[in-house]
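Reader: I have a structure open and I'm new to it. Can you walk me through it?

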Amino acid sequence: MMMKLSYLLLAGLTNGSVYGLIGLSLSIIYGSSRVINFAQGEFVMLGAMTAVMFLATLALPWPVALVLVAVVAIVAALGLDHGVYRPLVRRKAEPLTIMIGTLAAAIIIYGIALLVWGPEQKFVPPILSLAPIRFGFLMTNAQQLAIIAMFFGFLVATWFLLYRTRFGLSIRATGVNPRVALLMGIRSERIVQFSFMYSAFVSGMAGLMIGPLLGGQIGMGLLLTVKGFMAAILGGLGSPFAAAAGGLAIGLMEAFMAGYGTSLYAEPAIFVLILLVLIVRPYGLLGDYEAERR
Amino acid sequence: MLRIESITAGYNKSTALDRVSMTINQGTLVSVVGANGAGKSTLVNTISRMVPSYSGRILFEDRDITGLKPADVVDLGIVQVPEGRQLFAPLTVTENLRLGFHRLARRPDTAAKYAERLDYVMGLFPRLAERAGQRAGTMSGGEQQMLAVGRALMAEPRLLMLDEPSLGLAPMVVDQIFDILSTLRKDGLTILLVEQHADEALQLADYGYVMAVGQVRAEGPGNDLRTDPALTHSYLGKPTETA
C-alpha cells in the first residue's frame with residue numbers, strides 16, 4: 001500500500017518536474033513577449049534526442065555531452081528568435097500571429113528531427129544510474145532524484161536571476177509594461193532573446209534528464225508542450241514559479257489517477273479539473289500576475 | 001539643444017503633428033500648451049521615437065535622431081516622464097528608481113553614480129525615501145508622480161520631457177510638482193513641459209508654444225503668451241485667473 005503510494009508520488013514528482021520546467025519556460029517567454037511558445041516541447045525533445053546522439057552514438061563523456069545539448073537547445077532558440085519572432089515583430093504582428101509562427105517552428109523542428117533520427121523510439125542513456133535505491137518503503141533511482149533536484153535547482157536559479165540581478169529587474173519591468181521599459185532605455189529585443197535562450201536551456205536540460213525515463217522519440221515534443229501549457233495555465237502563466245508548481249500538480253494528478261483509477265481517464269479528468277479551476281480563478285491557482293495588477 | 005524642424009508624425013498613417021518646428025535651448029524650460037488632442041503627447045513621443053515621423057528632422061545637439069530607436073534616444077539623455085505616470089506598479093519604489101537608472105548602469109563607476117543619483121532624487125523627494133520598499137502602485141497619486149519624475153531624474157537626463165505631469169492630481173500636489181520643476185530649472189536642467197494647465201506652465205516657462213490640431217499656432221516668451229488675451233480666449237480654453 002505505502003509502497004504503491006510512494007512509487008506513484010515519486011513518478012508524479014519526476015514527470016511533474018519536467019512539466020513544471022516547461023511551464024516555467026513558457027511563463028518566462030510569455031512574460032517578456034506575451035507569446036506562448038508552442039515549440040517549447042520541441043526543445044525538450046531536442047534535449048533528449050541530442051543526448052542520444054552525443055552520449056550513445058558519439059559516446060562522449062557526459063559533461064561534454066551536457067554542454068553540447070545545451071548548445072543545440074540555445075542555437076535552436078536563437079533560430080526561433082531570429083527566424084520567427086523578430087521578423088514577425090518587425091512587421092508589427094500580434095502575439096497571436098507570432099504564436100502560430102512558433103507552432104510552424106515546432107512542425108519544422110519535428111520535420112528536421114524526423115530526418116535526423118527517424119520515427120523510432122530511442123533509448124536515451126542515463127547520466128546517473130537507473131538502479132533502484134531504497135529508503136525504507138521509498139523506492140527510487142538516482143536519475144529520478146536528480147530530475148527532482150534539477151527542478152528545484154532551476155527554481156532557485158530563476159528566482160535569483162529575476163529578483164537578485166539588474167538584468168532580472170529589466171526582465172520583470174518588461175513583463176509589467178514593455179512600452180515603459182522601452183522608455184527607460186531597456187532594449188526589449190534583448191530581453192526576449194534572453195528569455196528564449198534561457199527557457200530553451202532549461203527545457204533542453206529537462207529533455208536530457210527525462211529522456212532515459214520516457215524514452216526518446218521525436219514526437220514527444222507536442223505532448224510535452226501541451227503538458228507544460230496545462231501546468232502554466234493551472235498554476236498561473238504570469239509567474240514562472242506558479243507555472244512550475246502547476247507542473248508538479250499535474251504530474252502528481254496524472255500519476256495518482258493512472259495508479260488508482262485508469263490511465264485512460266487520467267488526461268480527460270485533469271482537463272476537467274483545470275477547466276473548473278479556471279472558471280473559479282481565471283488567472284490560475286496561484287495566478288496573481290504582476291501585469292494583471294497594473 | 002533640441003531643434004525640431006517641420007516634423008510631421010502620427011499613428012497608422014494619420015497625422016497628429018503637422019509640420020511642427022520648435023527650438024529648446026540648453027538650460028531653459030519650454031512649455032507646450034494646448035487643448036486635449038492638440039498633439040502635445042504625440043510631440044513628446046515623437047521625440048522619444050515611440051511614434052514614427054513621416055518627414056522633417058529632430059536635431060539633438062546638431063545630430064538627427066529621427067533614425068534612432070527609443071532606447072538610443074534614452075542613451076543620449078533624452079528622458080520622458082510619460083503621461084499618466086506609468087510606473088511599474090507591482091514593483092517597489094526602489095526598483096522603479098533602479099529602472100530609471102538603466103541608462104547609466106553600464107558605466108564603470110556605476111555603483112558610485114547610483115548612490116549619487118539616489119541621494120539627489122531622495123533629496124528632492126524625501127517622501128520616496130520613506131516609501132522605498134513599498135509597491136509603487138499602492139502610493140497616492142501625488143507620490144506616484146514624484147516617483148515618476150524621480151525615476152526619470154535617476155537617468156541624469158540632459159533633456160527632461162514631462163507629459164501632463166499635473167493630470168489627475170489635487171491642486172496642492174500640482175503646485176508641489178511645479179515647484180520641483182522650478183527648482184530643476186534653476187539647477188540648469190533643460191526641460192520640455194507639455195501641459196493642459198496653460199497658465200501655470202507658461203508662468204514657469206522661459207519660452208512657450210501653443211498647439212492646436214497638430215500645429216503650432218503661437219510661440220513666444222511664456223509670460224507674453226500667458227497674458228495675450230486673444231490666445232487665452234481661442235486656444236487655452238478659459239480666461240486666465242490672473243488676467
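Author: This is a predicted model. A good place to begin is an open sheet of six strands in chain B, ordered β6-β7-β8-β3-β9-β10, with mixed pairing.

Reader: Which strands are at the edges of that one?

Author: The edge strands are β6 (78-81) and β10 (215-221) of chain B, and each pairs on one side only. From one strand to the next, the twist averages 15°.

Reader: What packs on the sheet?

Author: Helix α6 (residues 141-153) of chain B does, touching β6 and β7 of chain B. The direction of α6(B) makes about 170° with that of β6(B).

Reader: And β7 and β8 of chain B, parallel or antiparallel?

Author: Strand β7 (residues 159-163) and strand β8 (residues 190-195) of chain B run parallel, joined by five bridges. Within that pair, Met161(B) stands opposite Leu192(B), which is in β8(B).

Reader: There's a sheet of four strands in chain B too. What's its order?

Author: The order is β2-β1-β4-β5 in chain B; this sheet is open, and its pairing is antiparallel. β2 (17-24) and β5 (63-64) of chain B each have a single partner strand, so one side of each is left without a neighbour in the sheet.

Reader: How many bridges join β4 to β5 in chain B?

Author: Two, between β4 (residues 53-60) of chain B and β5(B), which run antiparallel. Leu59(B) has Asp64(B) in β5(B) as its bridge partner.

Reader: Which helix lies across β1, β2 and β4 of chain B?

Author: That is helix α1 (residues 40-47) of chain B, running at about 70° to β2(B).

Reader: Where is Ser6(B)?

Author: Ser6(B) is in strand β1 (residues 2-9) of chain B. Its phi is near 45°, a positive value in a residue other than glycine.

Reader: Is Ser6(B) buried or exposed?

Author: Exposed: Ser6(B) has 12 other C-beta atoms within 10 Å, and the cut-off for exposed is 12 or fewer.

Reader: Stepping back, how many helices and strands does chain B have?

Author: Chain B has 10 helices and 10 strands. Its radius of gyration is 18 Å, close to the 18 Å that the globule rule gives for 243 residues, so chain B is as compact as a globular protein of that length. Along the principal axes, the C-alpha atoms of chain B fill a box of roughly 50 × 40 × 30 Å.

Reader: How much of chain B is buried?

Author: Buried residues make up 44% of its 243 residues. As for contacts in chain B with a separation of 6 or more, 65% of them are between residues 24 or more positions apart.

Reader: Where does chain A come in? How many residues of chain B are in contact with chain A?

Author: 20 residues of chain B are in contact with 17 residues of chain A. On the side of chain B that touches chain A, α2 (70-76) and α3 (93-100) of chain B each supply at least two residues. The residues of that side divide into 10 nonpolar, six polar and four charged.

Reader: Now chain A itself. How do its β1 and β2 run, parallel or antiparallel?

Author: Strand β1 (residues 132-135) and strand β2 (residues 138-141) of chain A run antiparallel, with four bridges joining them. Pro132(A) stands opposite Asn141(A) in β2(A). The hairpin of β1(A) and β2(A) has two residues between the strands, and in it Gly136(A) takes a positive phi near 60°.

Reader: Where is Arg34(A), and what is its phi?

Author: Arg34(A) is in the loop between α1 (2-33) and α2 (40-57) of chain A. Its phi is positive, about 60°, although Arg34(A) is not a glycine. With 16 C-beta neighbours inside 10 Å, Arg34(A) counts as partly exposed.

Reader: How many of the 18 residues of α11(A) are buried?

Author: One, so α11(A) lies largely in the open. Helix α11 (residues 263-280) of chain A reaches 26 Å from its first C-alpha to its last, close to the 26 Å expected at 1.5 Å a residue.

Reader: Last one: is Tyr198(A) buried or exposed?

Author: Tyr198(A) is buried, with 22 other C-beta atoms within 10 Å. Tyr198(A) lies in helix α8 (residues 188-214) of chain A. From Tyr198(A) to Ala73(A) is 125 residues in sequence and 9.4 Å in space, C-alpha to C-alpha.

Conventions: Residues numbered from 1 in each chain as written. Chains lettered and ligands numbered in written order. Predicted model: local features only at pLDDT ≥ 70, side-chain atom pairs only at ≥ 80, totals over all residues. Rg over C-alpha atoms; globule rule 2.2 N^0.38 Å. Buried ≥ 20, exposed ≤ 12 C-beta atoms within 10 Å, placed from the backbone. Contact = placed C-beta atoms within 7 Å. Expected span 1.5 Å × (residues − 1). Pairing = 2+ DSSP bridges. Axes fitted to C-alpha atoms, helices over the stretch in contact; angles between N-to-C directions. Nonpolar A, V, L, I, M, F, W, Y, C, P; charged D, E, K, R; others polar.
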